[in-house]
Amino acid sequence: MNQMQRRMLVQVLLGFLLGRVVVFGINPVAPAYFAVCYTAGGAVLPVAITILLGMSTVLQMESVLGYGAGMIALVLIADFLDKRKINIGSYGAAAILAVSTAVMSMTRYFLIPYSGAGIALIILESILLFAVARIFRDGVGYLLHGKKMQPPDKESILSCLLVFGSGVLGMPGELFGNMTIAMASMWIFLVLTGFMLGSCVQTTEHTTAWRDMMKHKLKDFSESFQTLSKAMADPSDKQFQMSRREMREIMQGVSQQVCERCENRDRCMSQPEFVGAKMYGALALAQEQGVLIPEQMPHDFLRECIHLERFVSETNQSLQMARVMMGLQNKMSENRQVMADQMEEVGKLVGGLAQDIDRTREIPENAESAIAKKLQSKRVKALGIMFYEKKDGRLEIHMRARTIRGRLVIAKEVAAVLREVLHKPICLAEGSRQVVSREMSYFVFEEDTPLVAETGIARRTKDGEDISGDVFSCIPLPSGETLVALSDGMGSGLGAYTESCRVIELLEQMAEAGFSEMSALKLINSVYLTCEEQEKFATIDILILNLYQGYCQLLKNGASATYLYQKGTLQRIEGQALPIGAASQVEPYTTKVDILPGDYVIMMTDGMADCLEAAGEFDEDIEELLYHYLDKGVAGDPQGIADALMEEAVYLSGGQVGDDMSILVTEIQER
């Protein structure tokens with residue numbers, strides 16, 4: 001077991017023990033430890049999982065989920081700020097986690113009966129979380145990056161003692177109840193002996209046990225979310241019309257307001273009609289049409305009632321109030337259904353994480369030693385080399401590395417060593433550090449793809465508008481695939497841009513967080529349903545390129561046809577699916593197609609498609625036009641093809657741009 005592995009083991013063990021430290025029902029220690037580990041470059045996912053595992057042994061599930069949501073919020077906010085070159089540091093991370101944890105706790109307290117003491121504990125927990133993070137910072141930093149020949153300073157020693165002392169508080173009390181000095185010495189001797197003989201023991205069994213436990217717990221979390229989803233997805237309380245009991249209550253209320261004050265009450269002959277079947281029928285009809293019309297009421301009642309106008313006015317007011325209450329109840333039912341759908345998708349994501357645990361494995365010992373030896377010749381010291389198999393089958397190599405004797409090494413030189421030893425096309429992962437320096441840093445390398453994609457984009461804004469309502473995106477995904485997306489908001493101008501931009505941004509964030517594209521679209525649609533302006537919607541056209549295995553997947557919600565040019569033939573791909581926000585449940589049209597070098601994928605908005613259809617009466621004319629430009633190839637440049645098609649579309653529309661127009665041309669090339 002090398003030094004990096006030992007430090008990771010210490011991290012996760014401390015995370016489990018600190019997760020069990022609960023005082024007055026709160027735990028500010030474990031979140032503070034996670035915030036410090038996150039900013040200090042620790043093992044984020046293993047630490048988070050073990051903290052939640054520890055919490056689950058002493059806290060209720062809703063509390064564990066609240067702390068977990070706070071940690072997820074920290075990661076997302078820190079990633080958002082990091083992309084904008086903003087470094088939050090340990091204090092900033094602690095502050096973010098304190099606020100997010102407080103918000104989750106407040107939300108939980110407002111959903112269930114709460115007291116002033118509970119609110120005070122939430123505020124106290126936030127203050128303690130920030131203070132504990134300050135105390136833990138130096139100790140955790142030394143545990144992660146301390147060097148053997150460099151003794152720690154006083155602050156680091158004191159911080160380490162407090163970290164481990166807090167961990168002792170999380171140990172089960174039975175370990176200390178009847179333990180003697182002899183028993184403690186025996187256990188220490190056994191632990192040291194086992195460590196010294198570790199090379200002769202199957203250490204992988206321990207790692208496998210930890211992995212199986214984490215996998216089992218993640219599955220439990222996934223099942224909990226699925227159970228909550230089923231519990232919340234109960235549409236039985238949704239009303240479409242008033243019940244007979246509710247009609248009776250309305251009539252009793254109107255009677256108190258009108259009939260009991262009527263001077264003709266004792267002599268009124270319409271009382272039987274007031275509670276008769278015809279009056280109930282009139283109220284049911286009034287509910288459907290929104291107002292009670294006197295001509296639809298029983299004739300005997302109309303003849304006898306001397307305050308008919310007042311009676312009708314009071315009845316209509318009661319009906320309107322009942323309709324409002326029914327609408328609020330139905331809205332709550334719809335929102336609960338939306339939350340149930342979101343819970344289900346989150347449960348699927350957590351279940352996917354449980355499956356992904358098995359993808360992580362240590363590199364074989366002979367390969368690790370060969371890599372270390374060759375990197376040593378380049379004066380690079382690498383620790384904790386790990387393999388991760390991505391969803392598309394490619395290998396991803398993680399390591400910590402620094403240079404020896406103060407020189408600088410380009411990370412591409414390390415990639416060259418990995419290629420030589422592993423006999424695979426290895427390259428530096430996007431976003432990883434480019435230079436290996438004297439400071440120990442984290443690097444990610446990945447197996448290269450045999451195919452590459454180049455995308456060209458051409459756009460025109462509607463005449464008279466300053467901004468286009470079409471928004472596009474092209475980003476790499478954590479799975480190793482490439483996402484190309486095009487969205488068209490309803491209408492044009494700023495309003496359309498706002499809708500399409502919201503769809504694209506949510507899609508990018510959810511895809512980068514690990515949600516599948518299908519789950520992301522369902523969650524985005526649920527976000528639209530919870531907005532006030534539900535009449536807004538946007539189309540979405542998604543292309544997922546797997547350049548390693550050689551296929552693409554298309555997902556379409558209300559989007560125009562996509563065209564695939566392959567080996568001299570043009571394939572039109574279209575499907576019937578509602579746009580995002582048009583209905584409570586949207587299912588995108590999906591299809592999967594193999595791709596080869598020299599293929600083109602053309603995506604366009606309806607404004608562009610309408611202009612190209614001006615070439616003739618039938619869709620075949622669009623295909624002939626695309627054939628013309630794709631066969632010419634415009635020197636094989638997708639940007640040139642996109643520009644040429646845009647110019648042709650404007651020409652066919654008589655030089656007028658009546659709608660926002662966008663076209664994306666993606667060319668598949670051999671690396």
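In this predicted model, the strand that gives the largest share of the lining of the second largest cavity is β10, with three residues. Strand β10 spans residues 482–489, and β11 spans 538–546; each of these two strands supplies at least two residues of that lining. The complete lining consists of Leu 486, Ser 487, Asp 488, Thr 539, Asp 541, Ala 559, Ser 560, Met 604, Thr 605 and Asp 606. Sorted by class, three of the lining residues are nonpolar, four are polar and three are charged. The volume of this cavity is about 40 Å³. For context, searching the whole structure yields three cavities of 30 Å³ or more.

Asp 606, which belongs to the lining just described, brings us to helix α20, comprising residues 606–613. How does this helix pack against α22, residues 638–652? The angle between them is about 60 degrees, and their axes lie 8 Å apart. The crossing is left-handed. On the α20 side the contact involves Met 608, Cys 611 and Leu 612, which meet Leu 645, Met 646, Ala 649 and Leu 652 of α22. By class, this contact comprises seven nonpolar residues, with no polar and no charged ones.

I turn now to helix α2, residues 29–40, and to two of its packing partners.

The first to consider is α3, residues 44–56, whose axis is 10 Å from that of α2, at an angle of about 175 degrees. Angles over 145 degrees count as roughly antiparallel, and α2 and α3 are therefore roughly antiparallel to each other. From α2, the contact draws on Ala 30, Pro 31, Tyr 33, Phe 34 and Tyr 38; from α3, on Val 44, Val 47, Ala 48, Ile 51 and Met 55. Ten nonpolar residues make up this contact, and no polar or charged residue takes part.

The other partner is α4, residues 61–83, where the two axes come within 11 Å and cross at roughly 25 degrees. Since that angle falls under the 35 degrees used as the limit, α2 is roughly parallel to α4. The crossing here is right-handed. Helix α2 contributes Pro 31, Phe 34, Ala 35 and Tyr 38, while α4 contributes Tyr 67, Met 71, Leu 74, Val 75, Ala 78 and Asp 79. Which classes are represented in this contact? There are nine nonpolar residues, no polar residue and one charged residue.

To close on α2: Pro 31, Phe 34 and Tyr 38 appear both in the contact with α3 and in the contact with α4.

Conventions
Residues numbered from 1 in each chain as written. Predicted model: local features only at pLDDT ≥ 70, side-chain atom pairs only at ≥ 80, totals over all residues. Heavy atoms only, no water. Axes fitted to C-alpha atoms, helices over the stretch in contact; angles between N-to-C directions. Helix = DSSP H or I, 4+ residues; strand = E, 2+ residues; numbered from the N terminus. Parallel < 35°, antiparallel > 145°, perpendicular 65-115°, else oblique. Left-handed = near helix turned anticlockwise from the far one by under 90°. Contact = heavy atoms within 4.5 Å. Nonpolar A, V, L, I, M, F, W, Y, C, P; charged D, E, K, R; others polar. 1 Å grid on protein atoms, 1.4 Å probe; cavity = no way out; pocket = protein on both sides within 12 Å on 5 of 7 lines; lining within 4 Å. Points joined across faces, edges and corners; volume = space filled by probe spheres on them.
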